[in-house]
Amino acid sequence: MFERFTKDARAVVMGAVDHAERAGAGSVDTEHLLLALLEREGSRASFALAALGLAERGGAVREALAEARRRAGLSQADADALAGLGIDVSEIVARVEEVHGVGAMSGGRKGGAGRWSGRRFFARGAKEIVEKALRIAVAHRDRHVGDEHILLALAVRPGIPAEILADHGVTYEALIRVLYGEGEAKAG
């Protein structure tokens, strides 16, 4: 499948692996793909993010991802649903961190010591994003999978990246308008 990926899309995948490794994560996940996309310059995805005003708010996105990690990967929608049941996720996180240290629920390695060996595997969510990116490219009759297709897949698949992107005005529909026209500037 990766033979259909453009240079930019491959760079996003490799960047996601690097982010996962630096974070000491056990696998590459959707948040790592989003972080890698935020670093891109001169690509269709970077154009779309800039057109939607997200390029200058990358720090806020990184903070939102870090906060979601602190909540053990729960989205804000999940935390709100639990609050409706009387469960205060913030209080649980605070108590766990009081006993085990800040970031104890984030799922990273303790201390971040050592380096990975061998192949990095992609978590189910990241695999689904890569597969969805391929389906989106085919649906738009694009011959290759670009980093813009990975961004579109992140925006359309429910989860933390989509929630954070939407909080910053980057929705699937807005991305389609920027990338494929519909009367507005098209990414080229």
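**Exercise 1. Classify the two partners of a salt bridge by exposure, then place them in the fold.**

Step 1. Arg-40 has a relative accessibility of 21%, so Arg-40 counts as partly exposed. This value, like the others below, comes from a predicted model.

Step 2. Asp-8 has a relative accessibility of 19% and counts as buried. The cut-off needed here is that buried means under 20% relative accessible area.

Step 3. Arg-40 and Asp-8 form a salt bridge, and their closest N and O atoms are 2.5 Å apart.

Step 4. Arg-40 sits in the loop between helix 2 (30-38) and helix 3 (44-51), while Asp-8 belongs to helix 1 (residues 7-23); the pair therefore ties together parts that are 32 residues apart in sequence.

**Exercise 2. Work out which residues are linked in a network of salt bridges with Glu-128.**

Step 1. Locate the residue. Glu-128 is part of helix 7, and its relative accessible area of 31% makes Glu-128 partly exposed.

Step 2. Find the partner within the helix. Arg-124 and Glu-128 meet through their side chains in a salt bridge of 3.7 Å, N to O. The two residues are four apart in helix 7, so about one helical turn separates Arg-124 from Glu-128. Arg-124 is exposed, at 66% relative accessible area.

Step 3. Find the partner outside the helix. A salt bridge of 2.8 Å, N to O, joins the side chains of Glu-128 and Arg-157. Arg-157 lies in the loop between helix 8 and helix 9 and Glu-128 in helix 7, so this pair ties together parts that are 29 residues apart in sequence. Arg-157 has a relative accessible area of 24% and is partly exposed.

Step 4. Check the second pair by another criterion. The side chains of Glu-128 and Arg-157 are also joined by a polar contact of 2.8 Å.

Step 5. Combine the pairs. Arg-124, Glu-128 and Arg-157 are linked in a network of salt bridges. The count of salt bridges in the model comes to four.

Step 6. Add a spatial reference point. Thr-30 is 98 residues from Glu-128 in sequence, yet the two C-alpha atoms are 9.0 Å apart in space.

**Exercise 3. Describe how helix 8 and helix 9 are arranged and which residues make the contact.**

Step 1. Take the two segments: helix 8 covers residues 147-156 and helix 9 covers residues 160-167. Their axes come within 6 Å and cross at roughly 95°.

Step 2. Name the arrangement. Angles of 65 to 115 degrees count as roughly perpendicular, so helix 8 is roughly perpendicular to helix 9.

Step 3. List the residues. Helix 8 contributes Leu-151, Leu-154 and Ala-155 to the contact, and helix 9 contributes Pro-161, Ala-162 and Leu-165.

Step 4. Sort them by class. The contact of helix 8 with helix 9 has six nonpolar residues, no polar residues and no charged residues.

**Exercise 4. Examine the backbone and surroundings of Arg-141.**

Step 1. Read the backbone angle. Arg-141 has a positive phi of about 60°, although Arg-141 is not a glycine.

Step 2. Place the residue. Arg-141 is in the loop between helix 7 (124-139) and helix 8.

Step 3. Is Arg-141 buried or exposed? With a relative accessible area of 78%, Arg-141 is exposed. The cut-off for exposed is over 50%.

Technical notes:
Residues are numbered from 1 along each chain as its sequence is written. This is a predicted model: local features need pLDDT of at least 70, side-chain atom pairs count only at pLDDT 80 or more; totals for chains, interfaces and linings use all residues. Side-chain values use heavy atoms; hydrogens and water are left out. Axes are lines fitted to C-alpha atoms, for helices over the stretch in contact, and angles run from 0 to 180 degrees between N-to-C directions. Angles under 35 degrees count as roughly parallel, over 145 as roughly antiparallel, 65 to 115 as roughly perpendicular and the rest as oblique. Contact means heavy atoms within 4.5 Å. Ala, Val, Leu, Ile, Met, Phe, Trp, Tyr, Cys and Pro count as nonpolar, Asp, Glu, Lys and Arg as charged, and the others, Gly among them, as polar. Buried means under 20% relative accessible area, exposed over 50%, partly exposed in between (1.4 Å probe, protein chains only). A polar contact is a pair of N or O atoms within 3.5 Å; within protein, one must be able to donate a hydrogen and the other to accept it, and residues adjacent in sequence count only if both atoms are side-chain atoms.
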